[in-house]
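Visitor: I am new to this structure and should be grateful for a guided introduction. May we look at it together?

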Amino acid sequence: MTIMTSKSALFAFPLALCFAACASAQTAQLSIDPGKIVHPVSPMLYGLMTEEINHSYDGGLYAELLGNHTFRPTWEGVVGWGLVRNGNAKASVVPDKATGPSKALPTSLKLTVTEASSGNEAGVTNAGYWGIPVKPKSTYQLSFYAKVDGSIDSVHARLVGNGTGATLAEGNIPVHAGAWSRYQIALGTGTLEASADNHLELTFAKTGTFWIQAASLMPPTFNNRPNGLRTDLMEKMAAMHPKFVRLPGGNYLEGDRLEDWYDWHETIGPLVDRPGHQAPWSYWSTDGLGLLEFLEWTEDLKVEPVLAVYAGYALKHDYIKPGPDLEPYVQAAIDEVEYATGDVSTKWGAQRAKDGHSAPFPLHYIEIGNEDEFDKSGSYSGRFAQFALALRKKYPQYKLIATDKVTVEKAAEPDVIDDHYYKSPADMFDLVHRYDDAPRNGMKVFVGEWATRSGSPTPNFGDALGDAAWMTGLERNSDLIVMASYAPLLVNVNPGGMQWPTDLIGYDALKSYGSPSYYAQCLFAAHLGDGVPQSTISGAGDRFFYSATVSSSDHVLHLKLVNASNHPQTLAVDMKGAKTGAAKLYTLHSGGYFATNSMTNPDSIKPLESTVNLGSSRTVAPYTIEVLDVPLR
Ligand code: AHR
């Protein structure tokens, strides 16, 4: 830990920069009265928003390692699955569109082995999502459904290094001829170097026909959940100190066409009963991460869901007319809330218990639709009202979020409106005061999607400055803004993995990294009080921003200072007589807007911790985000 005073921090700049910049710097007056709280901070201010985009779930957070594990055929065949023919083995593989283990998965991959023996095996491979990550001394749970004909009586499963052909883990699974059955085996690794450059092989030394569907290869997961989530990504989310997860989307809730809506019924229960669906971000969603996994994810992070229910609008501008046509979707929403929150005496609460989770999940907010301002038909008011009246009748305790302005009867009025902002750094700086003068006598605000965007695949330091500046506005207005969530959160950085260019956390099959914006959010959320004290600033540059909150329980002032300019900013600080002690200082700094983190350089920009005395003056270096925890005595 470096111990710096404000003076030594100033002298740490290159002399030439300081000479040029200090010459034009003007001292600003910052005055804070920690004893005068003007309003409370929303207890749910910072949260998370994700959806199936950028391989956030399949090939991302959902820990499943097999690509196309539901063997979906396309014109190219069954993508992700290949044929093995060792020695003089003879075999072929085709999609079988008429044979499958369930109504949800009516197709399969059919392997016909006409010649095989020990040393001359035939079989299939799976390359994972840009490789299969294999770690030392770990157990991988392999399972699949199979139907067998002929003399095949065992499957040899191997995790294989792509470059070396080395066996990293292996096992034999006895199988029997006859109808579809589920098979499983645990594959354990020994001492090896972790890598993602691997694949799975399933091979046979005897002839026959083998149909396979609903395969799964699960590594250890966060909290050891079966069918669970990737540990490193969950740990990164936990470090953001979120209070909620908005789920399941975004555009993912809606789909391009009406038939692509997020039908939660088809995302629960055994994997073999989940058909998957076409997601709007260009690829198929297996729904392996379904509604229950979403809810368990919130439980594992000790947060609550903000449940968005489908409201009858498709991204290609089709919509369901309010009235009888919309009724089944309203019922689906009512049932979905019951699945999340009902006790086991209710129909859907009982279903949730059957699916493995008897305790209901906490809930306070239900969002009706997503970005319905794009529905130019004007149907949203009618659709919203129909959902709102039905949901309020059954669940009067929940707050309802609208995604656009609505004209509705009193009983259907929304409690909260969801505003979205995607901006360049320059535009984000201009937006920081957006809510300062907004009326306080109407709906509360949920900023359900926001991001400063210029870096790719993840935000650069200019974006982090924009985000930090924006968060000062969120905190200052947290009497009005009840919740806010950055979007999108996750991106698989492999070629072809990304659909949206600026995303908070990047990863490949094995590793992940936080962007500068990620660290800005971790700092802001981890150092947040429960009240906003009276404060003023004058004379600061136009790219200087601040926020102050006070923790009443531990008597700490959390002061955030954001200098997005290339000049140092000196502040004369007046604490209105409050006695302050040695403060903890967290600094996120870089040499300019384009600096960033990446898979190969994940730690280039990270918070540094030190101790300072706030005193009566502080100079914030150019391109710097500071978070100070100032003890109040
Ligand atoms: O976050 C990416 C997309 O942006 C979301 O799916 C949508 O709600 C918004 O337009």
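Visitor: What volume does the second largest pocket have?
Guide: Please note that this is a predicted model. The lining of the second largest pocket is made up of 18 residues, and His 55, Asn 68, Val 79, Tyr 129 and Tyr 283 are the closest to its centre. The volume of this pocket is about 460 Å³.

Visitor: Where does the second largest pocket lie?
Guide: By class, its lining holds 5 nonpolar, 10 polar and 3 charged residues. Residues of the lining come from both domain 2 (47-63 + 222-526) and domain 3 (73-218), so the second largest pocket lies between domain 2 and domain 3.

Visitor: Which element gives the most to the lining of the largest pocket?
Guide: The largest pocket has a volume of about 720 Å³, and 31 residues line it. Two or more lining residues are given by each of β10 (139-150), β13 (178-188), β15 (208-218) and α6. With 5 residues, the element that gives the most is β10.

Visitor: How many charged residues are in the lining of the largest pocket?
Guide: Arg 182, Met 218, Pro 226, Asn 227 and Leu 271 are the lining residues that lie nearest the centre of the largest pocket. Its lining divides into 12 nonpolar residues, 12 polar residues and a charged group, and the number in that charged group is 7.

Visitor: Between which domains does the largest pocket lie?
Guide: The lining of the largest pocket receives residues from two domains. Because both contribute, the pocket lies between domain 2 (47-63 + 222-526) and domain 3 (73-218).

Visitor: Is helix α7 largely enclosed by the rest of the structure or not, and how many of its residues are buried?
Guide: Helix α7 covers residues 327-341 and reaches 21 Å from its first C-alpha to its last, close to the 21 Å expected. Residues count as buried when their relative accessible area is under 20%. Among those buried in α7 are Tyr 329, Val 330, Ile 334 and Tyr 339. The helix is largely enclosed by the rest of the structure, because the number of buried residues among its 15 is 12.

Visitor: Which elements do the buried residues of α7 pack against?
Guide: The buried residues of α7 include Ala 332, Ala 333 and Val 337. The packing partners of the buried residues are α6 (291-300), β19 (304-309), α8 (347-354), β20 (365-368) and α9 (380-394).

Visitor: How far apart in space are Pro 631 and Asp 554?
Guide: Pro 631 is part of strand β35 (residues 624-631). Beyond its neighbours within four places in sequence, Pro 631 has contacts that include His 555, Val 556 and Lys 579. Pro 631 and Asp 554 are 77 residues apart in sequence, while their C-alpha to C-alpha distance is 8.2 Å.

Note on methods:
Residues numbered from 1 in each chain as written. Predicted model: local features only at pLDDT ≥ 70, side-chain atom pairs only at ≥ 80, totals over all residues. Heavy atoms only, no water. Helix = DSSP H or I, 4+ residues; strand = E, 2+ residues; numbered from the N terminus. Expected span 1.5 Å × (residues − 1). Buried < 20%, exposed > 50% of the residue type's maximum accessible area, 1.4 Å probe, protein only. Contact = heavy atoms within 4.5 Å. 1 Å grid on protein atoms, 1.4 Å probe; cavity = no way out; pocket = protein on both sides within 12 Å on 5 of 7 lines; lining within 4 Å. Points joined across faces, edges and corners; volume = space filled by probe spheres on them. Nonpolar A, V, L, I, M, F, W, Y, C, P; charged D, E, K, R; others polar. Domains from an automatic or database assignment.
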